Amino acid sequence: MSPRVVVLLALVVLATATTPFGDRDPPEETIEPKQGGAEYRLPTNVFPDSYEITITPYLYAEGTNREWTFDGEVAINLRANVDGVSSIVLHASSLEIETSSLRRGSVPGELLSGQPTYNNDTAKLTYTTTTPLIRDTVYTLTIRYKGEIHGDMRGLYRSTYRESGLEKRLASTQFQTTFARRFMPCFDEPKFKAVVTLRVFRPSNMIAWSNMAVNNTQTVDQRELDTFNPTPKVSTYLLALIVSEFSSRSTPASQQNHFGVIARREMYDLSEYAFTVGQDILAKLSDHLAYPYYEFMPKMDMAAIPDFSAGAMENLGLLTYREANLLFSETKTLSMTKQRIAAVIAHEQAHMWFGDLVTCDWWSYTWLNEGFARYYQYHGTAMSETNWALEHQFVVEQLQGVFQLDSSNNTHPMTDPSVNTPSEVSGIFDNISYNKGATFIRMIEKHLGTDRLRNALRAYLRENAFGTATPPDLLRSIQAQADTTHQIDSVFNTWTTQPGYPVVTVRINEDRTQASLSQKRFHSYSSETTGNELWAIPITFASKTQHSLTDTTTRNIMSTRELNITLTAAVNEWVIFNVQQVGYYRVNYDEESWNIIIRALKETAHDGIHVLNRAQIVDDLLNLARAGYVPYGTTFQMLEYLKNEQNYIPWLSAFNGLNHFRRRIPKEHETLFGEYMIDLLTNIYTHLGFLPKGSDAWIDIYNRANVLSWACKYGHEDCLTNARDQFARMRNDSNYEIPVDIRPTVYCVGLREGGQGAFDFLWARYLAENVATEQTIILSALGCTNTDATVNALIDRILSDAVRDQDKSSAFSNTYSHNEENIPR
């Protein structure tokens with residue numbers, strides 16, 4: 001028996017002893033809402049028409065005004081939509097209300113009765129009127145107040161950076177989901193859209209940017225008063241303001257449609273890629289949706305903020321980003337990060353239509369915003385960057401990426417009517433709303449047809465422009481493009497209103513003439529579960545002689561527990577269901593069908609099995625074994641085919657699945673697992689090589705990054721030798737630049753083997769670095785350090801001001817994810 005087979009059989013024994021057919025992960029506990037049953041929603045008897053806001057920010061102490069504070073005044077034009085309204089309820093948080101007044105047009109007389117009341121739990125500010133409001137009559141509620149420029153990256157918040165050795169200050173905003181109320185008293189829910197006019201008294205050495213362009217500027221008491229043009233109707237969470245000494249790379253003033261990238265002045269050169277690709281993606285999305293952006297907005301700015309809690313934010317006309325998600329350096333940005341920059345730009349720009357122009361009516365329907373933005377994050381970027389295999393990446397990163405969460409007990413339906421409290425609102429911004437939402441849209445696209453879905457989306461946007469929408473609004477637009485064979489109501493509703501997803505079990509008779517299908521909800525922790533859920537599943541399938549894996553046409557809709565399908569496959573010929581994994585479900589087969597598929601994968605050119613179905617098979621079998629549907633022996637037999645796989649996509653599925661496995665390997669079996677991984681990786685390592693090549697396809701660059709990481713981690717000698725040489729060369733020659741895409745592995749090996757000296761060297765580079773993408777590479781790699789002294793030193797430094805708050809969480813997680821031995825420290 002060969003050593004390779006011995007290692008494989010030992011791993012099978014190990015897997016079946018420690019996971020399915022032994023102990024499985026238990027069901028996760030359901031987390032209950034923290035705030036109880038209080039009503040956090042505003043009443044809908046009063047709506048704002050418009051806001052006029054005046055803000056004076058104090059980034060430094062000025063007279064009696066403390067640093068990092070602001071003065072504010074808001075005049076809200078509002079109206080009651082029913083009779084008998086005698087109270088006005090809106091939101092406010094962390095604001096000191098100084099004066100309040102209510103007037104009806106030019107009619108004299110105060111209409112407020114006494115002081116407002118405030119509920120700290122719900123952040124509701126309630127005014128009582130002297131007489132009921134007259135229905136459909138405009139009133140103006142004027143409130144003067146003071147607020148804090150916070151340090152937690154929410155509301156109007158503070159940020160700092162260094163330029164030419166000096167500390168610079170700025171103020172920026174992040175209002176999603178419930179933080180506009182920190183900026184002004186307002187109706188802080190998405191359905192209360194209104195026109196907003198902003199005025200800002202700014203320091204004369206700074207510039208103010210907002211959703212709209214400046215209409216006029218006046219000098220008032222050594223400050224500049226900028227008055228911005230009124231916005232279209234917009235939800236409060238989409239408002240934005242930046243006050244800083246930044247500069248902008250912009251289209252010429254003579255050009256009607258303004259586009260700009262705003263950043264620290266020292267980062268001007270790094271804004272070129274975002275400036276170029278951003279304009280291209282915006283134009284292509286405008287054409288694709290047949291609703292030009294500049295038809296409803298006059299300008300687009302994108303700003304890189306040094307301190308930013310989210311990855312990016314879709315503020316109407318003023319998109320904000322972490323610096324690492326917008327600024328690109330040829331020598332200090334990974335290729336994967338360059339893709340992320342383009343993809344995040346596409347995501348935020350897609351929000352201009354899906355989220356800003358048409359806004360989800362309440363956060364229960366967040367997927368109407370985020371699902372489409374995540375879908376166009378890939379499909380929109382692919383319109384501009386055509387060689388990145390983005391639709392293939394989508395399947396592994398988004399569809400397979402959300403499977404794990406959606407197979408737990410902590411999942412929820414895409415449309416979740418239970419959302420009420422601020423914590424529930426925050427929680428709905430998860431992979432169900434993003435990944436599953438995008439995956440569902442892709443499934444509808446393949447089921448309905450690309451042209452039909454595009455026409456439906458164009459109608460949806462036109463019919464709901466400047467308003468809000470619910471899932472039935474989207475469904476109506478899709479229904480208009482569907483025919484009865486699509487069964488679109490059942491498909492739409494069963495996937496959006498139920499949590500989880502099914503596993504479809506396929507049993508093929510001996511002469512390969514019939515497939516018997518059954519569906520049940522998939523749980524990652526056990527195959528022995530019961531439930532009554534049913535989905536209307538668009539079924540696709542192909543064999544070598546029936547249909548094709550390049551054709552994603554729906555062949556049947558499975559809305560019952562069981563379904564029989566006629567086949568024309570030859571004996572011993574593979575039949576694969578869920579072509580290109582266009583459906584959001586797993587597939588399990590009878591033992592013989594699995595064996596036929598596994599043999600085919602090991603044939604020349606994988607016997608014609610599509611790359612996405614190869615990735616599907618890898619992901620499905622790893623997870624079916626984990627849940628107890630198949631023996632791990634079947635899974636490891638399949639994984640052997642990877643020795644002849646050169647494509648990034650199946651390898652990415654494998655690395656994702658094996659990550660779960662390796663973290664559960666007992667210490668005494670780590671060497672055995674390492675030997676197995678080296679055996680699996682040898683051919684692909686040889687094919688790709690350690691150093692980048694000019695001829696590399698884009699996804700080969702990604703594949704090399706993963707292969708090197710795993711190979712060096714498990715002791716591949718050539719990998720370690722090359723990494724050591726690169727690290728030593730960098731330390732000995734201050735002018736030498738390690739090729740950027742292999743830096744994570746080189747840095748990691750250097751830290752694992754270099755002790756205190758390597759740690760001090762890279763920490764000094766981190767402190768000296770001014771480009772966010774290189775800082776991110778170094779900070780992530782520092783988690784590879786593995787001595788008591790250096791791990792403790794790293795934790796202390798993460799907790800210090802040397803690491804920005806936005807980066808602390810990922811820095812901590814890298815400390816244990818890069819080296820499992822760091823967990824017990």
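Three short exercises with solutions follow, all on a predicted model.

**Exercise 1. Strand β16**

Task: State how many residues of β16 are buried, and in which sense the strand pairs with β15 and with β17.

Solution:
1. Start with burial. Strand β16 covers residues 258-263, and five of its six residues are buried.
2. Take the β15 side. Strand β15 (residues 247-250) pairs with β16 in the antiparallel sense, over four bridges. Ser248 stands opposite Ile262 of β16.
3. Take the β17 side. Strand β17 (residues 299-305) pairs with β16 in the parallel sense, over five bridges. Here His258 has Lys299 of β17 as its bridge partner.

**Exercise 2. Helix α15**

Task: Compare the span of α15 with the expected value, then describe its burial and its start.

Solution:
1. Helix α15 runs over residues 648-662, 15 residues in total.
2. From first C-alpha to last, α15 reaches 20 Å. At 1.5 Å a residue, 21 Å is expected, and the two values are close.
3. Check burial. In α15, 13 of the 15 residues are buried, where buried means under 20% relative accessible area.
4. Look at the start of α15. A side-chain oxygen of Asn647 comes to within 2.9 Å of the backbone nitrogen of Ile649.

**Exercise 3. Helices α2 and α9**

Task: Classify the crossing of α2 and α9, and name the residues in contact.

Solution:
1. The helices are α2 (residues 272-289) and α9 (residues 450-464). Their axes come within 9 Å.
2. The axes cross at roughly 95°. Angles of 65 to 115 degrees count as roughly perpendicular. Therefore α2 and α9 are roughly perpendicular to each other.
3. On α2, the contact is made by Asp287, His288 and Leu289. On α9, Arg454, Arg458 and Leu461 make the contact.

Definitions and conventions. Residues numbered from 1 in each chain as written. Predicted model: local features only at pLDDT ≥ 70, side-chain atom pairs only at ≥ 80, totals over all residues. Heavy atoms only, no water. Buried < 20%, exposed > 50% of the residue type's maximum accessible area, 1.4 Å probe, protein only. Helix = DSSP H or I, 4+ residues; strand = E, 2+ residues; numbered from the N terminus. Pairing = 2+ DSSP bridges. Expected span 1.5 Å × (residues − 1). Polar contact = N/O pair within 3.5 Å; in protein donor to acceptor, adjacent residues only side chain to side chain. Axes fitted to C-alpha atoms, helices over the stretch in contact; angles between N-to-C directions. Parallel < 35°, antiparallel > 145°, perpendicular 65-115°, else oblique. Contact = heavy atoms within 4.5 Å.
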